[in-house]
Amino acid sequence: MCGIVGFVGTQPAPGEVARSYFALDVVLEGLRRLEYRGYDSAGVAVVADEQVAFRKKAGKVAMLEAEIEAAPLPDSVLGIGHTRWATHGGPTDANAHPHVVDGGKLALVHNGIIENFSELKSELVAKGHNFVSETDTEVAAALLAEAYRELGDLSAAMRAVCKRFEGTFTLLAVHADVPDRIVAARRDSPLVIGVGEGENFLGSDVSGFIDYTKQAVEMANDNVVTVTAAGYEITDLDGNPAEGKPFTVEWDAQAAKKDGFDSFMDKEIHDQPAAIRDTLLGRFDENGKLTLDELRIDESLLRSVDKIIVIACGTAAYAGQVARYAIEHWCRIPTEVELAHEFRYRDPIVNEKTLVVALSQSGETMDTLMAVRHAREQGAKVIAICNTNGSSIPREADASLYTHAGPEIAVASTKAFLAQITATYLLGLYLAQVRGNMFADEVNAVLAELRQIPEKVQQVIDREDEVKALAENMKDASSVLFLGRHVGFPVALEGALKLKEIAYLHAEGFAAGELKHGPIALVEEGQPVFIIAPSPRGRDSLHSKVVSNIQEVRARGAVTIVIAEEGDTAVNQYANHVIRVPQAPTLMQPLLATVPLQVFACAVATVKGYDVDQPRNLAKSVTVE
Ligand code: M6R
């Protein structure tokens, strides 16, 4: 939550023609790219002529840009910016970042929560400090200014105040007295350094500076970095030199653009065949054998596992639920799936034989990160499945497997979901291979099915107009229900979540078998119900049970929209609408059946005129608990 960006470039030499871009250009571009992390308000500060100049505004980055156009900022080669998801204090101009203190000389932007801020605030109030906002950030800024006055060194001051802060934070500070540097710190909130030539960058993630460099550096927790145009210096909170971990960004700036689509969500739905293909890429040796080299985890350890717990939140947790069916089926290891925030507070039974799989697109979800820490403290081994290089969860896990979905910008997760299912399937098959639960030809048969999925997803996407027409018809529904069994159940939950989060429509997903235990009472004349029908070529009892469920809701007046595979004629007589997906084995079906539900939600939100990519009250990356 909240996006942060910083830029330090080289001052033009005397007489040199103006630079082609200044701090403001870089920072605003970075904010536009990071806006998915929060969009309640935005602000920038630049340092020029030994003064801090800033603008901040409630609303999206576009509002800030209008403000700057009306009241331009000076050219500068040093700047910081922020796009906010409000925690302390509402989304007002006053609460927007940067917070500027010390007679207008120090500006600070912040992502996270300083938990002991009210205690620190009382201390400062007692000393006569006046606050103009309700934020914890202004308290941090005031404390930093005080430490700077005392120590005369911005980096030392940052280290000193970070020792006093409890909670999570990324902080970026500039001071008019030292106009050549940004001093930044992080604890449990994301921050990466971008390394350019004669210019350097900071960002909540690499999209903050991807237009300028692909060379990035991860920073450990409780480290402070001082960034100038010439380089960067990292220390721990005691001032001891610390190392960053360099990496090269694998995707380019184009990947984070809409590419002619109306929304990022729409584009990302269309990216899905590539996301699955790329996640499968490079995971096989020359003989076609599955080799997850990047895991770097001892095979004997994988053989000793007697329980798997998948931890995740939101859509990632639904991917985990899908994975459970596959992993238990292939590996015969009891597998639980738990929301990360519940896992942590439940006193779960975890030991050194437990394998915890943490699923996260961003790799920064605080609930999941805390659950990872908890699991490791209990002796479990943690494998992170993440989409974002250099993020906290893979950094703290024992081993990582990356999905290669490319940047996911829309708040509603789409391609990450399919890539997560793909990666968990690879992990499940690998475990089965290592533990001897499956023969090589059995593993290969599943992999062959998996390799066909990108093409089949494309076929589903090619029929999106039918789903869009349905969305147009149903835009006035006040509630939509989703039913599924087996792997269709998490697909139903995901379909409902998509609709809630971007179309603000009441939607519920149910296990179809649960219907008669209560939810069927919701069904009345005209109630739209999506049903995910399993393949009739799979377990027959599963298919026939779902067909009965379709009849049951239809008999009570529901408008039934059935997602069924090609050739499944048994559903026809009970379906008001049938959405066809290509034939695939049961475990592969979520990778296909989810796609029309994503298209449907995106289309309903679009028809209703909502901001598909930036739904109200949400942020892409939930970096607070
Ligand atoms: O980055 P993560 O995968 O850890 O995010 C988890 C959830 O916050 C995320 O999937 C959320 O539910 C999405 N907005 C759903 O579309």
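A residue is taken as near the ligand if one of its heavy atoms lies within 4 Å of it. On that basis 15 residues surround the ligand, with S360, Q361, S362, T365 and E501 the closest. The model is a predicted one, so local features need pLDDT of at least 70 and side-chain atom pairs count only at pLDDT 80 or more, while totals for chains, interfaces and linings use all residues. Numbering runs from 1 along each chain as its sequence is written, and side-chain values use heavy atoms, with hydrogens and water left out.

Now for the polar contacts, meaning pairs of N or O atoms within 3.5 Å. An N or O atom in the side chain of E501 sits 2.3 Å from a ligand oxygen. K498 places a polar side-chain atom 3.0 Å from an oxygen atom of the ligand, and V411 has a backbone N or O atom 3.0 Å from a ligand nitrogen. Of the 410 Å² of accessible area (Shrake-Rupley method, 1.4 Å probe) that the ligand has on its own, the protein covers 90%.

The elements giving two or more residues to this shell are α9 (314-331) and α16 (488-503); helices are DSSP runs of H or I, at least four residues long, numbered from the N terminus. Domain 2 (261-461) and domain 3 (463-612) each supply at least three shell residues, the bounds coming from an automatic or database domain assignment.

Elsewhere, F131 lies in the loop between α3 (117-126) and α4 (136-151). F131 counts as buried because its relative accessibility is 19%, the cut-off being under 20% relative accessible area (1.4 Å probe, protein chains only).

How values were computed: Buried means under 20% relative accessible area, exposed over 50%, partly exposed in between (1.4 Å probe, protein chains only). A polar contact is a pair of N or O atoms within 3.5 Å; within protein, one must be able to donate a hydrogen and the other to accept it, and residues adjacent in sequence count only if both atoms are side-chain atoms.
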